[in-house]
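Grab a viewer and work through the exercises below. Try each task yourself before you read its solution.

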Amino acid sequence: MPTAELGDVTLHYELAGDGPPLLVVNGTGSDLRRKPSVLESPLVQHFTVLAYDHRGLGRSRVADPAHQPTMADFAHDALRLCDHVGWKRLLLLGVSFGGMVAQEIALSGGARIGRLVLACTSPGGTGRASAPLHEVYRLPATERAERLASYTDIRTATDALRREQLIRFITVAAESDDLSAAPGLRKQLEARRHHDTWDRLPSLRVPTLVAAGRHDGIAPLANAEALASRIPSARLRVFEGGHVFLLEDRTAWPAMIAFLQEA
């Protein structure tokens, strides 16, 4: 599997598909070995998709495990990876935590970004932060799964079957997690809780689509509305579903693909 040796980090990455270059930045605790993978999504039918494991997660490594990265560090990793594969210009899609990183990427390397999609994410700061997952992950396993379910889809408050199904899914996923990733996850969550692009977003000049799940409790719809309001000429699309609306609303992928393909 390909790796990029970037000095302080070694990033595992994968390329799939054929078409314009599209960098996909994944979310909290992500690992390309976990299914469903973005590399198996409809994106690969339209783009050359570059995806990777964040520093300290999956098969990516860090030189100094004690170092606490910032959100800017995560963005710098992504831009250096693009340099490594020879991408000077690219499209960009960030999902959840990846959407926070994508904001930093676009703010620091905006001239390189043709179009930007920010999915199920938040601007942070006075413009609304996402749910405090750094607190949730400190809870005992059973309580953590219940809290994550309630955040993932706010309909679980009144829909017992949906709540039960989500708790079961989250529990099974946690049982298959690589325990060696725990330190990397803690570092990621610490960086996440300080995410704040609110004051800088009006300077962003990249054509942007903000995509939100109507029933998302991790990155609530109000956060997406606030995010779109801060980015000049940004569009907002709301889809049926919670934080994983990409798996729930079959119109989501086509809408994002169509936006990325616009001239």
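**Exercise 1. Find which residues of helix H6 are buried, and work out how they are arranged around the helix.**

Step 1: pick out the buried ones (under 20% relative accessible area with a 1.4 Å probe, protein chains only; over 50% is exposed, and in between is partly exposed). In H6 they are Gly184, Leu185, Gln188, Leu189, Ala191 and Arg192. Helices here are DSSP runs of H or I with at least four residues, strands are E runs of at least two, and both are numbered from the N terminus.

Before going on, some ground rules: this is a predicted model, where local features need pLDDT of at least 70, side-chain atom pairs count only at pLDDT 80 or more, and totals for chains, interfaces and linings use all residues. Residues are numbered from 1 along each chain as its sequence is written, and side-chain values use heavy atoms, with hydrogens and water left out.

Step 2: look down the axis. The buried residues of H6 fall within an arc of 160° (taken from the directions from the helix axis to the C-beta atoms), so they line one face of the helix. An α-helix has 3.6 residues a turn, so residues three or four places apart point the same way.

Step 3: see what that face meets. The buried residues pack against H1, helix H2 (97–109) and helix H3 (133–136), with contact meaning heavy atoms within 4.5 Å.

Step 4: check the length. H6 covers residues 182–193, 12 in number, and at 1.5 Å a residue it should span 16 Å; the end C-alpha atoms are 17 Å apart, which agrees. The expected span is 1.5 Å times one less than the number of residues.

**Exercise 2. Identify the strands that pair with E2.**

Step 1: apply the pairing rule, which asks DSSP for at least two bridges between two strands.

Step 2: go through the partners.
- E1 (residues 3–5) runs antiparallel to E2 over three bridges, and Thr3 has His12 as its bridge partner.
- E5 (residues 61–62) is antiparallel to E2 too, over two bridges, with Val9 opposite Val62.
- E4 is joined to E2 by five bridges, again antiparallel; here Glu14 partners Ala51.

Step 3: inspect the E1–E2 connection. This is a hairpin with three residues between the strands, and Gly7 in the turn has a positive phi of about 90°.

Step 4: judge the burial. Seven of the nine residues of E2 (residues 9–17) are buried, so the strand is largely enclosed by the rest of the structure.

**Exercise 3. Compare the surroundings of Ser96 and Ser233: which is buried and which is exposed?**

Step 1: check the backbone. Ser96 has a positive phi of about 60°, and Ser233 has one of about 65°. Most residues other than glycine have a negative phi.

Step 2: place them. Ser96 sits in the loop between strand E6 (90–95) and H2, while Ser233 is in the loop between helix H7 (221–230) and strand E9 (235–239).

Step 3: read the accessibility. Ser96 is buried at 13%; Ser233, at 75%, is exposed.

**Exercise 4. What does Arg80 touch beyond its sequence neighbours?**

Step 1: locate Arg80, which is in helix H1 and buried, at 17% relative accessibility.

Step 2: drop neighbours within four places in sequence. The contacts left are Leu6, Asp8, Val9 and Arg55.
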